[in-house]
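Q: Could you take me through one part of this protein slowly, as you would for someone in their first year? I would like to see how its helices pack against each other.

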Amino acid sequence: MEPLILKTAEKILLISLDLFNSQGERNITSVDIANELDISPGNLYYHYKGKADIINDLVDSSIAKINTIPQSYEDGEDFYKYLFYCLETMHLFRFLFQNIAEISIQYPAINSKLQRLAKFQRQHLRNSLSELQKNGTLKGTSSDIDLLLDIISLTLFQSLNYYQMQGDSLNNPDIVYRTLMTIYFSLQPYYQDNYDTAKIKMAILNKSLIKKI
């Protein structure tokens with residue numbers, strides 16, 4: 001098999017993502033990216049007018065990846081699989097989600113995209129929770145569902161910021177499972193008494209929840 005040859009624009013995005021994740025978006029300039037790629041700033045500007053354009057494309061990539069995650073309302077395990085893939089994608093683009101408020105202010109065009117993503121996710125989560133209510137997995141009122149939606153959304157979008165504040169290494173992929181477990185414990189009081197949650201809990205703890213899809 002012949003090696004995959006990336007175009008310059010694709011290399012710029014990959015290197016930028018790595019630099020933003022490892023050193024922080026605010027600490028990286030377009031010149032830093034060009035130097036890392038061993039190309040001239042002029043070559044970089046031929047593909048991207050500046051760092052804002054690079055970040056915009058990375059945001060589009062992260063949203064596209066999240067929007068293509070399979071959505072299923074069949075059971076509680078499918079619900080957690082969806083959350084896992086969301087969190088995994090957010091971790092891949094962690095520079096964005098660990099400073100989401102700051103980046104949203106700095107790049108207003110990106111803010112509107114992230115707001116649409118949040119609405120898209122919230123609607124899917126609402127559909128999932130409603131279906132779990134209908135099939136007897138979850139109990140609670142409509143107000144309870146609204147509260148759970150707030151808790152889950154806050155956890156999804158703010159967990160990286162929290163772990164960063166705690167001094168944890170955001171490079172550790174285990175953060176995805178820790179966040180998933182936080183959501184699990186938030187939902188636990190709302191499961192019907194006859195619903196066995198131990199299987200899901202152990203699957204998260206053992207990192208065996210996810211199978212290839």
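A: Here is a walk from the whole chain to the packing of its helices.

Before we start, note that this is a predicted model, in which local features need pLDDT of at least 70 and side-chain atom pairs count only at pLDDT 80 or more, while totals for chains, interfaces and linings use all residues. Residues are numbered from 1 along each chain as its sequence is written, and side-chain values use heavy atoms, with hydrogens and water left out.

The protein chain has 11 helices and 0 strands; helices (H or I, at least four residues) and strands (E, at least two) are DSSP runs, numbered from the N terminus. The C-alpha atoms fill a box of roughly 65 × 45 × 30 Å along the principal axes. Of the 213 residues, 43% are buried, where buried means under 20% relative accessible area, exposed over 50% and partly exposed in between (1.4 Å probe, protein chains only).

Now look closely at helix H10, residues 174-187. One partner is helix H9 (residues 142-166), which packs against H10 at an angle of about 155°, with the axes 10 Å apart. Axes are lines fitted to C-alpha atoms, for helices over the stretch in contact, and angles run from 0 to 180 degrees between N-to-C directions. H9 and H10 are therefore roughly antiparallel to each other. That word has a cut-off: angles under 35 degrees count as roughly parallel, over 145 as roughly antiparallel, 65 to 115 as roughly perpendicular and the rest as oblique. The crossing of H9 and H10 is right-handed; a crossing is called left-handed if the near helix is turned anticlockwise from the far one by less than a right angle, and right-handed if clockwise.

Which residues meet here? On the H9 side they include Leu148, Ile151, Ile152 and Tyr163, and on the H10 side they include Ile175, Arg178, Thr179 and Leu187. Contact means heavy atoms within 4.5 Å. By class, this contact of H9 with H10 has 9 nonpolar, 5 polar and 1 charged residues. Here Ala, Val, Leu, Ile, Met, Phe, Trp, Tyr, Cys and Pro count as nonpolar, Asp, Glu, Lys and Arg as charged, and the others, Gly among them, as polar.

The other partner to look at is helix H11 (residues 198-205), whose axis comes within 9 Å of that of H10 and crosses it at roughly 160°. H10 and H11 are therefore also roughly antiparallel to each other, and their crossing is left-handed. Tyr177, Leu180, Met181, Tyr184 and Phe185 in H10 meet Ile200, Lys201, Ile204 and Leu205 in H11. By class, the contact of H10 with H11 has 8 nonpolar, no polar and 1 charged residues.

Ile200 also leads us to another helix, as it is touched by Gly76, which lies in helix H5. Gly76 touches Leu132 and Tyr195 too, not counting residues up to four places away in sequence. At 1% relative accessibility, Gly76 counts as buried.

H5 (76-92) is also part of what covers the buried residues of helix H4, together with others including H1 (8-23) and H8 (108-134). Among those buried residues of H4 are Ile54, Leu58 and Ile63. What covers the buried residues of H1 includes H4 and H5, and Leu13, Leu17 and Phe20 are among the buried residues of H1.
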